[in-house]
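Here's a quick, friendly walk through this structure for anyone meeting it fresh. Have a look at it first, then read on.

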Amino acid sequence: MLSFFRVNARYQTVSLVVFFLLLRLPFFLGGAPLLIPELSWMLVGEQMHRGFMLYRDVWDNVSPFSGLVYWLLDSLFGREQWIYQLAAVAVCIIQILYFNYVIHAREVFPERTFIPGALYALFLNISFDLGTLSPMLMANTFLLFAFGSIVKILVKREVTNQVFEMGLYIGIATLFYLPASIFMIWAFLALLFYTGSTIRHHLLGAFGSIFPLLMVVLFFYMNNGVESLNRNLLTSVFQVKQYNLNDFSSLLASLLLPLAFGIMGYMRIFTTLRFVNYQTRIQQVMALWFIAGVFTIPLMQYLAPMQFVIFIPPAAFFATHYFQSFKKKNFVDEIQFMVMGAVILIIQYQGLRGILPGVSMGKLENLRVKSAVLPPDIRKKRILVLGQHTGEYVDNFTATPYLNWDLASYDLNNLDNFDSVIHVYANFRKDPPDYVIDKTNIMPKLLNRVPALQKQYVQSPWKGIYERKI
């Protein structure tokens, strides 16, 4: 397989696409479990499609451009998981082809092959959750475009106005996934250490990064949503995270091989003396990418392989050097590639199908949507879940802005504050739920604080569920 991708021919572009689609075949044959974050993204798009504004009317910490994509998908296709998976396939193919194009066209390695794209395609299948259209995946596309701009600058050995384009890509990536803003520092250090950039160039790059952010802030300012933007997006990124150790073990199992081969490839660079100057600088820029990615980890909302898609470009980059460092007649690299691919596919199948009985590793049980036990009457209804939602929204629609419980608790756990009570009542009146599923025993206190709601909602025959009077 590895020797096949060593062949430098135009048809290999099609081969990369076919190779990736074959790796993703399990998603199309048997489907993939719905994840809680994935369901939340669908609900965000659904609410925006109904005319509600993100952050102001929909309390969630998804970044604005990601919310825009989810709104577009829901407007065109509705709440369909396979659409999100199909869109993720398209984004992945763009990344694979662009990554290989940059490496191939700019002669980043002495040997021009399609191995970089093949490794990138393989690493995009380290876990089944990479099969959904996550904000991290979309942001990674524009970070790759920024990397391509830096490579052009290093190859030409002169800094041009292209630094604005580089900054613009990073700014757009930030609007898809806020922790990607760390890569503004990555770009600054790359220009500072490896180019003859001046203060003017740095300012131009900084303006390119900040410009799309300013446009988004201006939009929310014009729509009376700056305070909501700050509370739901900016402030929430810096909240203390509580990670689950089961997710951590699944994460290590998925990332072990890509990171291991990436590290081995990086170590082999020091024993290879056939790189020209700009190739060495590109290697150092990619090493900085990895370091920048490490600083995004504390900003992640939860631990899952799809959150670590930012590490795939440096892993594929240095793993390429590892496999190219072998002599062509040496079959050790071929065997290692096949074994690595087989193990990655086993991990993927384990997560999707549970082929190893009794083993939960890789299945991401804590992120899967679980079937909610609800009365038969609560179906296709507008509901509000007071607490962390798991599967209540699968067959229902969300009501009120309180989609993300961590953000909703800003109001609902602060009912002794008069302003919070006013906010809750206004949100109920604007988008009233048919049922309120109270997991945290907040509803009695809320009804006591707001007599108008007490007239509208009564305890249903089912415990913890309140029904709206018609």
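Leaving aside residues up to four places away in sequence, Phe123 touches Leu130, Pro258, Ile312, Ala315, Ala316, Ala319, Met340 and Ile344. Keep in mind that this is a predicted model. Phe123 also turns up in the largest nonpolar core, a set of 156 residues: together with Leu124 and Trp186, Phe123 touches the most other members. And which helix gives the most to this core? That's helix α8 (residues 135-156), with 14 residues.

Now over to helix α2. With 12 residues (12-23) at 1.5 Å a residue, α2 should span 16 Å, and its end C-alpha atoms are indeed 16 Å apart, so the two agree. Its buried residues are Gln12, Ser15, Leu16, Phe19, Phe20 and Leu23. Look down the axis of α2 and these buried residues fall within an arc of 130°, so they line one face of the helix. Flip to the other side of α2 and you'll find Val14 and Leu22 exposed.

What covers the buried residues of α2? The cover includes these helices:

| Helix | Residues |
|---|---|
| α1 | 2-6 |
| α3 | 25-30 |
| α6 | 81-105 |
| α7 | 115-123 |
| α16 | 332-353 |

One last stop: Asn427, which sits in helix α18 (residues 418-430). Is Asn427 buried or exposed? Its relative accessibility is 14%, so Asn427 counts as buried. Not counting residues up to four places away in sequence, Asn427 touches Thr400, Pro401, Tyr402 and Asp411.

Definitions and conventions:
Residues numbered from 1 in each chain as written. Predicted model: local features only at pLDDT ≥ 70, side-chain atom pairs only at ≥ 80, totals over all residues. Heavy atoms only, no water. Helix = DSSP H or I, 4+ residues; strand = E, 2+ residues; numbered from the N terminus. Expected span 1.5 Å × (residues − 1). Buried < 20%, exposed > 50% of the residue type's maximum accessible area, 1.4 Å probe, protein only. Arc of directions from axis to C-beta. Contact = heavy atoms within 4.5 Å. Core = buried A, V, L, I, M, F, W, Y, C linked by side-chain atoms within 4.5 Å.
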